[in-house]
Amino acid sequence: MKPLFDAPLAIVDLETTGAHPAWDRVTEIAVLEVEGGEIVSEWSTLVNPGTSIPPAIQALTGITNDMVADAPDFDELAEGLFERLQGRVFVAHNARFDYGFLRHAFERAGLRFHARTLCTVKLSRRLYPGHARHNLDSLIERHQLRCDARHRALGDARAVWHFLQVAAEERGAEQLQSMVQQLSRLPALPAHIERATVDAIPESPGVYLFYGENDVPLYVGKSVAMRSRVLQHFSADVHSPREAQIAREIRRIEWRRSCGELGALLREAALVKELLPVFNRQLRRANDLCGFSFASNKLKFIEKEDINSQTISHLCGVFRSRRAAMDALRGLADEHRLCLRTLGFEQGAKRGKGACFRHQIKRCAGVCAGAENLHVHQARAAAALTGLKTSAWPWRGPIGIVEEDEEREAAEVHVVDNWCLLGTANSEDAVGDLLATRSRVRFDLDHYKILARHLSAGRARVVELGARLPAGAH
Ligand SMILES: [Zn+2]
């Protein structure tokens, strides 16, 4: 048989304790080394999985706990196996499974395994599109493949090799070779993404953007190590349908470097809102925020423009919808037996005077029925509502959070006032320009959460900027 690749092949089959690469383990491995169209080595070994093999799997493979009790464990085999597979195209029936499983096992042993892969299920589908089934049993039957030990690693690996030989004979070496070239791209990079594109992404903090057909934004993500994170989206052992769909639809990648993690988080939040990528489900809908204010004994519902850097620290709760705000208020009223009628938040037909319905079912202590003094009730309400308050702004004025990228000798300053992000500056002048906008900046719940988490972690480098404000603006 004519060689399928310039590179030699490793036809691999694994038996395992189950289907999940993270918590199941290898019980048997076989590797057939193929060079120039000939088998040059057959190797297989049982592996002690360090855990019990489920009875159903013992019955399927015939590999019992007793058989693996004295076998080497994967760690002992890892280095030798790694070398055996090095520089070869990884061929397996359902390669995604065996490759993903081995990558996990190698990683636990401290080795990073990468290989070009060829999946013979996919190959069979391309070469024999008229058939519905392409599992190994179907192939063995259809092509009368030799298999002396089905569900044992070496037996299955030999059947896969026999399939390649039969396919070359039936479909011709040329066609087989061109199919194989199409199928065996470097591991798991999406069809439209060049290796060089990914290699050019720096392993530094920043955001990356995936675009699809017609430049539709598909996804925005952030990471402190962009290249690795991007590769993770495409890696063979990630099986989520969403990642698979992204990999199918992606046509182009863009990235923007930032000096640190905070910059990446803030930029991600901003880009998601601006571009509304198809696959970002969080961080959307920033504009319908609402909350409550409690002043002069009156509880008021506050929304839209009224939530800004000036009002935010007086606000009780910030919610993404009126319904979420009302749910929180009702929960609070139940917990403290407050009267929603008295607070002016009784809804619909129940609205009225006198004892409220919630008092009758004992959820209101009865200010409405004269059972509680109004001042006492309002004081209790005020105390309970502070539980909904956003964290008080702990500085006297605006601050800058400094992030430095030593490698590039660059720095960014995120200018924040009362939990509102004014912007990110690269120079002293730019800081001043941002400070001048502070009365117009609206509150953003995502920014608030990101900033509160980052600042409470205690690692942030904070510079107080109050002194830079024009006189009288404090
Ligand atoms: Zn009441």
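In this predicted model, the C-alpha centres of domain 2 and domain 4 are separated by 24 Å. These two belong to a four-part division of the protein, in which domain 1 spans residues 9-183, domain 2 residues 195-275, domain 3 residues 290-386 and domain 4 residues 399-468. Across the boundary between domain 2 and domain 4, twelve residues of the former are in contact with 18 residues of the latter. The size of an interface is often expressed as the accessible area that is lost when its parts come together. By that yardstick, domain 2 and domain 4 bury about 1,300 Å² between them, and carbon and sulfur atoms account for 60% of this area. On the domain 2 side, a trio stands out: Cys259, Leu262 and Leu266 supply 51% of the area that domain 2 buries against domain 4, more than any other three residues.

Turning to the interior, the largest nonpolar core has 34 residues, and the members that touch the most others are Val415, Trp419 and Phe443. Two or more residues come from each of helix H12 (261-275), strands E12 (399-405), E13 (410-417) and E14 (420-425), and helices H17 (428-435) and H18 (445-456). Of these elements, H18 gives the most, with six residues. The surroundings of Val415 give a good view of how the chain is packed here. Leaving aside residues up to four places away in sequence, Val415 touches Ile399, Gly400, Cys420, Leu421, Leu422 and Gly423, and also Val431, Leu434, Leu435 and Leu465. Another core lies apart from this one; it has 29 residues, including Ile11, Ala30, Leu145 and Trp161.

The model also holds a zinc ion, whose protein donors are the SG atoms of Cys339, Cys356, Cys364 and Cys368, at 2.3 to 2.4 Å from the metal. Along the chain, these donors follow the spacing C-x16-C-x7-C-x3-C. Cys339 sits in the loop between helix H13 (322-336) and helix H14 (340-343), whereas Cys368 sits in the loop between helix H15 (357-360) and helix H16 (374-386); the pair, 29 residues apart, thus links distant parts of the chain. Both Cys339 and Cys368 are buried. The arrangement around the zinc ion is tetrahedral because the four donor atoms subtend angles of 106 to 116 degrees, all of which fall between the limits of 85 and 135 degrees. For four tetrahedral donors, the ideal angle at a metal is 109.5 degrees.

The loop between H13 and H14 also contains Arg337. Arg337 is not a glycine, yet its phi is positive, near 55 degrees. With a relative accessibility of 41%, Arg337 counts as partly exposed, in contrast to Cys339, which is buried.

A second positive phi in a residue that is not a glycine is found at Asn94, where the value is about 65 degrees. Asn94 is located in the loop between strand E4 (89-92) and H4. Its relative accessible area is 38%, so Asn94 is partly exposed. Helix H4 itself covers residues 95-108 and includes His104. At 24% relative accessibility, His104 is likewise partly exposed, a class that begins at 20%. Although His104 and Ala22 are 82 residues apart along the chain, their C-alpha atoms are separated by 6.7 Å.

Definitions and conventions:
Residues are numbered from 1 along each chain as its sequence is written. This is a predicted model: local features need pLDDT of at least 70, side-chain atom pairs count only at pLDDT 80 or more; totals for chains, interfaces and linings use all residues. Side-chain values use heavy atoms; hydrogens and water are left out. A nonpolar core is a set of buried Ala, Val, Leu, Ile, Met, Phe, Trp, Tyr and Cys residues joined through side-chain atoms within 4.5 Å. Buried means under 20% relative accessible area, exposed over 50%, partly exposed in between (1.4 Å probe, protein chains only). Helices (H or I, at least four residues) and strands (E, at least two) are DSSP runs, numbered from the N terminus. Contact means heavy atoms within 4.5 Å. Donors are N, O and S atoms within 2.8 Å of the metal (3.2 Å for Na, K and Ca); water is not among the atoms, so sites may look incomplete. Four donors count as tetrahedral if all angles lie between 85 and 135 degrees; four count as square planar and six as octahedral if opposite donors are over 155 degrees apart and all others between 65 and 115; anything else is irregular. Domain bounds come from an automatic or database domain assignment. Buried area is the accessible area (1.4 Å probe) that two parts lose on being put together, summed over both.
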